[in-house]
Amino acid sequence: MARAAPDAAPKGTHKDPYRNLGGAERAISVALGTVFGIAATQSKGPLGILFGVAGGALVARGVSGADPVKRLLGTEPDERAYAKQQGWSSATKAPRSVTVNASREEVWEVLREVERWPSFMVNIASASSDGTRLNFVSEGPTGPVSTAATIVADVPNQKFAWESDKGATNPNNGEFELRDAPGGRGTEIHAKIAYEPVGGSLGRYAAKFTQREPGIQLRRDLKRLKSLIEAGEVPTNARNRAETLNNPAKA
Amino acid sequence: MRAVTWHGKHDVRVDNVPDPEIVNPRDAVIKITSTAICGSDLHLYDAVIPTMMKGDIMGHEFMGEVVDVGSAHRNGDAVGTALKVGQRVVIPFTIACGNCFFCEKSMTSLCDNSNPAENQDIAETLMGHSPSGLFGYSHMTGGYAGGQAEYVRVPYADVGPMVVPDHLSDEQVLFLTDIFPTGYMAAEQCDIERGDTVAVWGAGPVGQFAIRSAFMLGAERVIAIDHRPARLALAADAGAECLNFETVHIIDALNAMTGGRGPDRCIDAVGMEAHGLGIDNIIDRVKVATGLGTDRPHAFREAIIACRKGGTVSVPGVYGGLLDNVPFGAAMNKGLSIRTGQTHVHRYLKPLLARIEAGDIDPRVIISHILPLKDAPMAYKNFKDNQDEFRKVVLKP
Ligand SMILES: NC(=O)c1ccc[n+]([C@@H]2O[C@H](COP(=O)([O-])OP(=O)(O)OC[C@H]3O[C@@H](n4cnc5c(N)ncnc54)[C@H](O)[C@@H]3O)[C@@H](O)[C@H]2O)c1
Ligand SMILES: [Zn+2]
Ligand SMILES: [Zn+2]
C-alpha cells in the first residue's frame, strides 16, 4: 500500500472528490440519458438536438460518476458532517482567518469584551455576556434576530466559543481561536461560524446576494477587528460624517 | 466644492460635490493648492480599470495646506507625526496605516488596513489578496475620493503627509506624491551595477524620472524608447540615448547598442495600454475592445525578450488583469528577475526631498502645462491624444 501524508487541510476546506456520485445516482443518470437519447432519435429540429445533448451529458455523468456542477454548487462534505452532528437540516460552516500584528493578549482584550463587537461587526446591533451566557442581536436578511447562547469555551488569550440554545430560530455556533503567528508576526485569529441557513442552501445563496451571509460578514468583521487593533480605527472611504451612516456597507 | 469626477469612458467633468470632513481620529482635511494628472489616470479615463463608479472623484497626485485635523492629532494619540492646521504638505498616493506587517517593513503600498474590508472583497477575488487603498483609483483599491478637487479627506494623516519647506515651490515638490518615487523605485529595483545599461520603455513622466534616477543610481548608459519626439527629446536632455519604436526594430537596436548582450536592466514605464501597431498589440486591442482581454502588455513582452540573461525587468507600469502571450518561457530560461509593485511612496519622501534640495534633480522640467481645475476635461483629452505637447499637467483648484 502506498503511504499517505496526514491531511493538513483545515476543517471546512474539503471538497467532494471529482467522482462525487453514488451507484444509484449513476445508474439513474445513465438510464435517464438513454431515454433522452431515444427521444432524440424520435424528434426533429432543435428539440431533437436538445434531447441529444442532454442525453449525452447524462450518460457521460453516469458513466464517469463525476458531476462538476453538483461539486461547485452543492453542500460541502464538512458541512454535511456538521449538520448531522448538530441535528440541523443543513449547515453552513465558514472558517476565516486573519493575522493581527499584535500580541494574543491585545487581541483577546478587544475580542472578549463582547459589548465592543458592534464597533467592528457591522451586522451585530448589540451583544452582552455574563460569563457563561452570550446574547446578541444581529441584522438578518429579514430583520433583527436575537441569539441566546451558552459560552462553551472561554480560555483567556486562546479560545472563545458559543453554541446557541436548542430550538433557536437561527441556530448558530461560533468560535474564535488565537494562535501565535510564526516568527513573532503577531496573532492568527482562526474564526468559525456555523449556522443552519434559513431555507437551506437556496437561502444561503439569497443571503450572500444581500451581503448578509454570516461567512461574508465574518470575513469583513475580522478585517475590521484587525484594523481597530493595528491602526486604532476602522478605515472608511466616507467623504464626510453623513456618509458614514451608510458606511461601511457602502463599497 | 469643485472636483473632477469620472462619468465613464472619456467623460470626466468638473462637478459641485459636498465638502469632505474629518471622519476618523487620524484624518486630516487638506485644501489643495496643486494637483496633477497621471498616466495612471489615463487608464481610468479609458475605462480599462474595473470598479469605477459614476461620480467618483479622481486624482492621486496632490498637495496643499492642512485645514482640519482629527482628534488623534490634537490629543497625542497619533501613530506617526501629528499634523497642525496651516502646515504645507505633500501626500503619498498610497494610503497606509503605519502599523501593519507591511507598513512596518515600509512596503506601504501593500498596507493591510487602508483598503476598507468591503472593498477588499473585490481585490481578493481578482488578485488573491488586497493591496493598499489608493486615492481616487477605483473601488477595488478603496473607493477613496481623490485630490483633483478643492479639498480632500486624508486618512491616517499622521503617517502619510510630509511637511515641505517654504522655500520650495509646489511645482518642485508635487511629484514626490507619486511619479518621482515611482521612477526612482523602478530604477532602485533594478539593483544597478557598475557598467550597467538600463533600457526604459515609455518616456512619459514616470519614464523621465526612471531615466534620471537610473543615472543617479550609477547606470553607465540609459536608453529611452518611445514614439513621441518631444518626450524623447526631454529624455535626451537627461543624457539618455533615444529610440523611436515606430521607425526602429527595438530588439535589434538594443542588441546592436550593447554588443549583443542586451540591456542589463529593463524598465517597463508604459503599462497596460501600449501604443503601436505591432501585430501583438493589434490582437490585444481587438481582445480588449471585445471584452476578451484586459491589458495590452506589448512593452512588457519586448522588455523580457530584450533583457540580458540574468538581468532585471522592473515594472512600474500599471497592469490591471490578465496578460496574454507573455513570454514567460524566456523569462524563466534566461533567469530574469521581475520586480514590480505600486510605489511604496512613504519610504522615498524624505530621501527624494533631499535630492531636490541638493539640486540633483529639478522635477519642474517634466511640467508642460499649469491650468485651472476647470480645464480638467480639456487637459485629460489632450494628455491622451496630444501627448507630445501635453507631457504633464498641473491643475490649480
Ligand atoms: N507603479 C506605480 O505606483 C505607478 C505610479 C504612477 C504611474 N504608474 C504607471 O506608469 C505608467 C506610465 O505613467 P506615465 O504617467 O508616464 O504615463 P504616460 O501615458 O504619460 O506615458 C506613457 C508613455 O509610454 C509611451 N509608450 C506607449 N507604448 C509604448 C511602447 N510600445 N514602447 C515604448 N513606449 C511606449 C507613450 O508614448 C507615453 O509617452 C502608467 O502605466 C502608469 O499607470 C505606475
Ligand atoms: Zn500617478
Ligand atoms: Zn499598514
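## Exercises on a predicted two-chain model with zinc sites

A:E175 belongs to strand β6 of chain A, where helices (H or I, at least four residues) and strands (E, at least two) are DSSP runs numbered from the N terminus. The model is predicted: local features need pLDDT of at least 70, side-chain atom pairs count only at pLDDT 80 or more, and totals for chains, interfaces and linings use all residues. Residues are numbered from 1 along each chain as its sequence is written, chains are lettered from A and ligands numbered from 1 in the order in which they are written, and side-chain values use heavy atoms, with hydrogens and water left out.

### Exercise 1. The surroundings of A:E175

Task: determine whether A:E175 is buried or exposed, and list the residues that A:E175 touches.

Solution.
- Step 1. The relative accessible area of A:E175 is 17%. Buried means under 20%, exposed over 50% and partly exposed in between, with a 1.4 Å probe and protein chains only. A:E175 is therefore buried.
- Step 2. Contact means heavy atoms within 4.5 Å. When residues up to four places away in sequence are not counted, A:E175 touches A:K159, A:F160, A:A161, A:W162, A:H190, A:A191 and A:K192.

### Exercise 2. The sheet of chain A

Task: establish the strand order of the open sheet in chain A, its edges and the helices that lie across β1, β6 and β7.

Solution.
- Step 1. The sheet has 7 strands in the order β1-β7-β6-β5-β4-β3-β2, with antiparallel pairing. Two strands pair if DSSP finds at least two bridges between them.
- Step 2. The edges are β1 (92–100) and β2 (124–129) of chain A; each has a single partner strand, so one side of each is left without a neighbour in the sheet.
- Step 3. Direction ignored, neighbouring strands of this sheet are turned by 20° against each other on average. Axes are lines fitted to C-alpha atoms, for helices over the stretch in contact, and angles run from 0 to 180 degrees between N-to-C directions.
- Step 4. Strands β5 (residues 159–164) and β6 (residues 172–180) of chain A run antiparallel and are joined by 5 bridges. Within β6(A), A:N173 is the bridge partner of A:E163.
- Step 5. Helix α4 (residues 77–86) of chain A lies across β1, β6 and β7 (187–195), at about 115° to β1(A). Helix α7 (residues 214–231) of chain A also lies across β1, β6 and β7, at about 15° to β1(A).

### Exercise 3. Two zinc sites in chain B

Task: identify the donors and the geometry of the zinc ion (ligand 3) and of the zinc ion (ligand 2).

Solution.
- Step 1. Donors are N, O and S atoms within 2.8 Å of the metal (3.2 Å for Na, K and Ca); water is not among the atoms, so sites may look incomplete.
- Step 2. For ligand 3, the protein donors are the SG atoms of B:C97, B:C100, B:C103 and B:C111, at 2.3 to 2.5 Å. Their spacing in sequence is C-x2-C-x2-C-x7-C, and B:C97 and B:C103 are buried.
- Step 3. Four donors count as tetrahedral if all angles lie between 85 and 135 degrees; four count as square planar and six as octahedral if opposite donors are over 155 degrees apart and all others between 65 and 115; anything else is irregular. The site of ligand 3, with angles of 101 to 116°, is tetrahedral.
- Step 4. Ligand 2 is coordinated by B:C38 (SG), B:H60 (NE2), B:E61 (OE) and B:D178 (OD), at 1.8 to 2.7 Å. The 4 donor atoms subtend angles of 79 to 136°, which makes this arrangement irregular.
- Step 5. B:C38 lies in the loop between β3 (28–36) and α1 (39–45) of chain B, and B:D178 in the loop between α5 (170–173) and α6 (179–188) of chain B, so the pair ties together parts that are 140 residues apart in sequence. Both B:C38 and B:D178 are buried.

### Exercise 4. B:V315 and its sheet

Task: place B:V315 in its strand and describe the contacts of B:V315.

Solution.
- Step 1. B:V315 is found in strand β14 of chain B. This strand (residues 312–315) pairs with β15(B) in the parallel sense over 4 bridges.
- Step 2. The open sheet has 6 strands in the order β12-β11-β10-β13-β14-β15 (chain B), with parallel pairing. Its edge strands are β12 (241–244) and β15 (337–340), each pairing on one side only.
- Step 3. With a relative accessible area of 6%, B:V315 is buried. Leaving aside neighbours within four places in sequence, its contacts are B:D268, B:F300, B:I338, B:R339, B:T340 and B:G341.
- Step 4. The C-alpha atoms of B:V315 and B:R339 are separated by 6.2 Å, although these positions lie 24 residues apart in the count along the chain.
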